[in-house]
Amino acid sequence: MIAGALAAAARLVAGASIRWTGCAPDPRQRIYFVNHTSHLDFIVVWSSLPSKLRPLVRPVAARDYWTTGRLRPYLATEVFHSVLIEREAVTASNDPIRTMLEGMGQSYSLIMFPEGTRGSGLDVAPFKSGLYHLAHRRPDVELVPVYVENLNRILPKGEFLPVPLLSSVTFGAPIRLETGERRDAFLERAREGVRCLRPL
């Protein structure tokens with residue numbers, strides 16, 4: 001009930017139009033990889049999925065941010081069932097790739113942000129290697145590029161209250177790691193897959 005209310009609120013605040021241009025909603029396991037410009041990103045992308053799919057999709061989020069305070073830990077663990085990863089002091093026992101793979105299991109999809117941190121919204125920053133390692137370890141899972149537009153203006157960095165503007169969420173055609181494809185080539189191809197979804 002709380003998750004449904006938050007999804008409705010996110011769609012209302014963001015005024016997001018939703019487009020599926022290269023695929024359709026599907027319960028199969030996927031990794032939705034998204035450009036990152038605002039703390040609203042994962043909530044808006046998650047809320048853009050059909051309600052029947054949301055329980056099967058887990059956002060990947062930074063442990064250091066989502067475990068502080070009282071509200072954020074509750075939302076991350078009890079509402080969105082986020083996969084919380086370490087961004088600093090990574091060791092064998094808290095390896096982000098292993099954490100994401102365990103979070104997926106055999107039935108869950110992920111929403112992740114390969115840039116690793118929020119950008120300006122003007123361009124998509126180069127991707128870090130996590131998406132490549134996931135694609136290598138789980139070649140059976142579809143990788144779906146997603147572009148979110150204008151959320152950096154709706155909730156700018158450092159602000160608490162959103163500005164009522166319109167945004168969009170565009171889901172593109174799935175990609176996979178090709179046989180023999182090198183890491184850097186794959187990451188650039190994946191990045192371009194997100195960039196090309198920007199509205200003209």
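## An aromatic cluster

Tryptophan 20 is partly exposed, with a relative accessible area of 24%. Phenylalanine 171, in contrast, counts as buried, at 0% relative accessibility. The model that shows this is a predicted one.

How many aromatic pairs does the structure have? The count comes to six. Tryptophan 20 and phenylalanine 171 make a stacked pair, with 3.8 Å from centre to centre and 5° between the planes. This pair links distant parts of the chain. Tryptophan 20 belongs to strand E1 (residues 16-20) and phenylalanine 171 to strand E7, 151 residues apart.

Phenylalanine 171 is buried, with a relative accessibility of 0%. The ring planes of tyrosine 32 and phenylalanine 171 stand at 85°, so this pair is edge-to-face, with centres 5.8 Å apart. Tyrosine 32 is in strand E2 and phenylalanine 171 is in strand E7, 139 residues apart, so to speak of distant parts of the chain being linked fits here too. Both tyrosine 32 and phenylalanine 171 are buried. Trp20, Tyr32 and Phe171 form one aromatic cluster.

## Strands E2, E6 and E7

Strand E7 covers residues 167-171. Five of its five residues are buried. Which residues of E7 point one way, and which the other? Ser167, Val169 and Phe171 point one way, while Ser168 and Thr170 point the other way.

Strand E6 (residues 142-149) runs antiparallel to E7, and four bridges join them. Valine 148 has valine 169 in E7 as its bridge partner. Tyrosine 147 stands opposite threonine 170 in E7. E6 is mostly covered too, with seven of its eight residues buried.

E6 also pairs with strand E2 (residues 30-34). Here the sense is parallel, over five bridges. Arginine 30 stands opposite glutamate 142 in E6.

## Salt bridges

Side chains of opposite charge can pair when their charged atoms come close. How many salt bridges does the structure hold? There are 13.

One of them joins the side chains of arginine 63 and glutamate 86, at 3.3 Å from N to O. Arginine 63 lies in helix H3 (residues 63-66), and glutamate 86 in the loop between strand E4 (83-85) and helix H5 (96-104), so the pair ties together parts 23 residues apart in sequence. Arginine 63 counts as partly exposed, at 33% relative accessibility. Glutamate 86 is also partly exposed, with a relative accessible area of 26%.

Another salt bridge is formed by arginine 138 and aspartate 140. Their closest N and O atoms are 2.8 Å apart. Arginine 138 counts as buried at 10% relative accessibility, whereas aspartate 140 is partly exposed at 49%.

## A charged network at helix H8

Arginine 191 forms a salt bridge with glutamate 188, and the closest N and O atoms are 3.5 Å apart. Is arginine 191 buried or exposed? Arginine 191 is buried, with a relative accessible area of 12%. Glutamate 188 is partly exposed, at 36%. Both residues lie in helix H8 (residues 183-195). They are three residues apart, about one turn of the helix.

This pair is part of a network. Salt bridges that share partners join Asp123, Glu188, Arg191, Glu192, Arg195 and Arg198.

## Arginine 58, a charge without a salt bridge

Arginine 58 is found in strand E3 (residues 57-62). Arginine 58 is buried, yet has no salt bridge. Which side chain of opposite charge is nearest to arginine 58? That side chain is glutamate 102, 8.9 Å away. A salt bridge needs a nitrogen and an oxygen within 4 Å.

What lies 2.6 Å from a polar atom of the arginine 58 side chain? The backbone oxygen of histidine 81 does. Arginine 58 also touches a set of residues farther along the sequence, among them Phe80, Ser82, Val83, Gly103 and Tyr108.

Histidine 81 follows helix H4 and has a positive phi, near 50°. Helix H4 itself covers residues 71-79. Its buried residues are Pro73, Leu75, Ala76 and Val79.

Notes. Residues numbered from 1 in each chain as written. Predicted model: local features only at pLDDT ≥ 70, side-chain atom pairs only at ≥ 80, totals over all residues. Heavy atoms only, no water. Helix = DSSP H or I, 4+ residues; strand = E, 2+ residues; numbered from the N terminus. Buried < 20%, exposed > 50% of the residue type's maximum accessible area, 1.4 Å probe, protein only. Lys, Arg positive; Asp, Glu negative; His and termini not counted. Polar contact = N/O pair within 3.5 Å; in protein donor to acceptor, adjacent residues only side chain to side chain. Contact = heavy atoms within 4.5 Å. Pairing = 2+ DSSP bridges. Phe/Tyr/Trp six-rings, centres within 6.5 Å; stacked < 30°, edge-to-face > 60°. Lists of a residue's contacts leave out its neighbours within four places in sequence.
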